[in-house]
Every structure is written in C-alpha cells, then in structure tokens.
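Colleague: Could you walk me through how to read a model like this one? I'd like to start broad and then go into the side chains.

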Amino acid sequence: GNFTTIEIISEDVVTVTFSTDNNIFNEDDGIQSIGVEIDKSIAQNLEVFIFGDSGPAEGVVISGLRVDTSVTFTPNSLSNIFDIEIQDDEYGLENSEMYRLDFTSSTPSEGVILGRHTNITIIDDDIVIVDFGQDVYTFNENDGYG
C-alpha cells in the first residue's frame, strides 16, 4: 500500500480588539484595567503586544503615562486585561491628558488581525482653592486702602 498525507490549512483569522474605544479616568484613580478581547477560541497561546506613550502634552505639567506590555490568551479564553497606573501630579487647572494605545504585534502573527487603537483620557480632578487668607479684616475708615 501506498499512502498519502492530507494537510488541512486553517483559514480562520483571529481578530484582537480593545474592549472599549475610549477609557476615561480621573487623575487620582490609581491602578486601572484595560480589556482586550479576541473574537474566537484558539487552539494555542496568543501573545499580543501593546504600546502607548504620553509624550509632551500642552497644558499638562507632568504627562507620564507609558504603556509597553503584552497580554497572553490561552485556549478557551476570549478576554484578558492589563493594568495601567494613573498618577496624580497634584497640579490644578491642567488640561485633560489624552493618550492612544495600539497593538504593535502578536506571536504568532499569522492568522491574527490586530484591531484599532483605544484612547485614554485622564481628567484633572485636582481642586484649586482660593481664599482670603484670614476670616476678618479690619480697617479704619480713613486708612485709604487695605
């Protein structure tokens, strides 16, 4: 007997996406989680790499968010999370900070579509208090000014 080998090539494509398009946090929220999902079950591990850098931001004293991480999907898992740390610089009257996170690559890369980016907005919630310095000021009528 002769024999033959049959190779079945999977044409299935796995799409990776962020769980939400926009993530809004307050500056004092601390550690926050960002979700990542795949659209179908997989038979082997899939590692997805994520990057985002704050860069300089106008009207922001300290813009320090930098994300350079990965998440690994195992067979039978369709969702995953990674954490980012929101740092409060304690400066008031700042503009909101806006960042973009992108998928940069995956292992394996064949049969994987990396979806669109997600946005992160960090709202400055530091309160600036303006006061008079003391409760009572007393002036004589002919002092001119105080």
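Modeller: Happily; we will take the overall fold, then the surface, then the salt bridges.

Modeller: Before that, this is a predicted model, where local features need pLDDT of at least 70, side-chain atom pairs count only at pLDDT 80 or more, and totals for chains, interfaces and linings use all residues. Residues are numbered from 1 along each chain as its sequence is written, and side-chain values use heavy atoms, with hydrogens and water left out.

Colleague: How many helices and strands does the protein chain have?

Modeller: Helices (H or I, at least four residues) and strands (E, at least two) are DSSP runs, numbered from the N terminus. Here the protein chain has 0 helices and 9 strands.

Colleague: What radius of gyration does the protein chain have, set against a compact globule of 146 residues?

Modeller: The radius is taken over C-alpha atoms, and the globule rule is 2.2 Å times the number of residues to the power 0.38. That rule puts a compact globule of 146 residues near 15 Å, but the protein chain has 26 Å. Its C-alpha atoms fill a box of roughly 120 × 25 × 20 Å along the principal axes.

Colleague: What share of the residues is buried?

Modeller: Buried means under 20% relative accessible area, exposed over 50%, and partly exposed in between (1.4 Å probe, protein chains only). Buried residues are 28% of the 146 in the protein chain.

Colleague: Which residues form a nonpolar patch on the surface?

Modeller: Patches are made of residues with over 30% relative accessible area and no salt bridge; like charges are joined within 9 Å, nonpolar side chains (Val, Leu, Ile, Met, Phe, Trp, Tyr) within 5 Å. Accessible areas come from the Shrake-Rupley method with a 1.4 Å probe, and for residues only the protein chains shown count as cover. In this model, Leu 93, Val 128 and Val 130 form such a patch, with about 360 Å² of accessible area together. Leu 93 sits in the loop between β6 (79-86) and β7 (97-107) and is exposed at 76%.

Colleague: And which side chain does Arg 116 meet in a salt bridge?

Modeller: A salt bridge is a side-chain nitrogen of Lys or Arg within 4 Å of a carboxyl oxygen of Asp or Glu. Arg 116 pairs with Asp 21 at 3.7 Å, N to O. Arg 116 lies in the loop between β8 (112-114) and β9 (118-123) and Asp 21 in the loop between β1 (14-18) and β2 (22-26), so the pair ties together parts 95 residues apart in sequence. The structure holds 3 salt bridges, including Arg 100 with Asp 102 at 3.1 Å.
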